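Here is a short set of questions and answers on how helices pack in one protein model.

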Amino acid sequence: MLNLKHTTERIFPGLVIAGLVAVTAQFLSEHYGAPAMLMAILLGISLQFLSEETRTEPGVAFAAKGLLRFGVALLGARISIEMLQALGPALVALIIIAVILTILFSLLIGRFFGRGMMFAFLTGGSVAICGASAAMAIASILPKGETRERDLVFTVVSVTVLSTIAMIFYPILADILGLNLRQSGVFLGGTIHDVAQVVGAGYSISEETGDLATVVKLIRVTMLAPVVLIASMFLRKYAEPGEARPPLLPGFVLAFLIIAALNSFHVLPEVVRDLASVVSRWALLTAIAAVGMKTSIPRILQVGGPAIGLLVVQSIFLAGFVLVGAFMLG
């Protein structure tokens, strides 16, 4: 009991500050239309010095890791078998193949942009699956290193900016290409990185397109668990001698799968699902604020221009593949 009290006292100051940053980011998002994730990480970076303060460092570290995994686990409440059945096997197959090929393509081209496999996997997974949330989940299982947090911040900022650009221009592209409402929903949900931007883009066309785009996007979110599980197995096998291996099945991935299964069998009441969705969003927003607080701008700039080019090429590959699939499905 005393140990719990001591731990709570240690993490409380830093955790509260990260939470305040998240609240501020949400306020800016609601009143000025700025992406909340982007605002949280930028505000966090401006408070980077707090991650080095003795009183706030433990709480910031807890938010950046523990709270992050908690938020990802709760995403399972948004997943159910009915979602898969409603889309049909052909469309589900298209989305799964698109995610897998985008990640494999990223691993293949990473070296041409001067990046290693870990960075390529981090960026490719964030593009293929669900933007910032996927980036944070993948980063949590990657080997520890001096650049891991820097690469995570760079990926979250870049993928959020690209997702916002896509939210504006992809509906215009869908209109130019003459996509019908169903094709537009498949294209938007299968290509835009973050859920919020998918919703914004989809419902800007029609309610039908928005509904379909959101469901397609959540299918991509479902791929987070198997991708992280397979990656954990791979990293265990190829870990360097003396390097700590990631668990075979990370606890937050197991929690994600259990919650998704409970939701599929209608064990979770609607009020619980809604609460889990809200808590997950705030946990991830607070976590990304903390990650920003642990990263300095000079370190982000060290990533370099080629890394941005890698993310752009990954996004173009995903968009092209899904677009062809949308046309074929009709």
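Q: How are α3 and α14 oriented relative to each other: roughly parallel or roughly antiparallel?
A: This is a predicted model, with local features needing pLDDT of at least 70 and side-chain atom pairs pLDDT 80 or more, while totals for chains, interfaces and linings use all residues. Residues are numbered from 1 along each chain as its sequence is written, and side-chain values use heavy atoms, without hydrogens and water. The axes (lines fitted to C-alpha atoms over the stretch in contact, angles 0 to 180 degrees between N-to-C directions) of α3 (residues 57–74) and α14 cross at roughly 150° and come within 7 Å. Angles over 145 degrees count as roughly antiparallel, so α3 and α14 are roughly antiparallel.

Q: Which residue class is absent from the contact of α3 with α14?
A: Contact means heavy atoms within 4.5 Å, and the α3 side includes V60, A63 and L67, the α14 side A276, V279 and A283. Ala, Val, Leu, Ile, Met, Phe, Trp, Tyr, Cys and Pro count as nonpolar, Asp, Glu, Lys and Arg as charged, the others as polar. The contact of α3 with α14 has 16 nonpolar and 3 polar residues, and the class with no residues is charged.

Q: Which helix gives the largest share of the largest nonpolar core?
A: A nonpolar core joins buried (under 20% relative accessible area, 1.4 Å probe, protein chains only) Ala, Val, Leu, Ile, Met, Phe, Trp, Tyr and Cys residues through side-chain atoms within 4.5 Å. The largest has 62 residues, with I129, L224 and I288 having the most contacts inside it. Its largest share, 9 residues, comes from helix α14.

Technical notes. Buried < 20%, exposed > 50% of the residue type's maximum accessible area, 1.4 Å probe, protein only. Helix = DSSP H or I, 4+ residues; strand = E, 2+ residues; numbered from the N terminus. Parallel < 35°, antiparallel > 145°, perpendicular 65-115°, else oblique.
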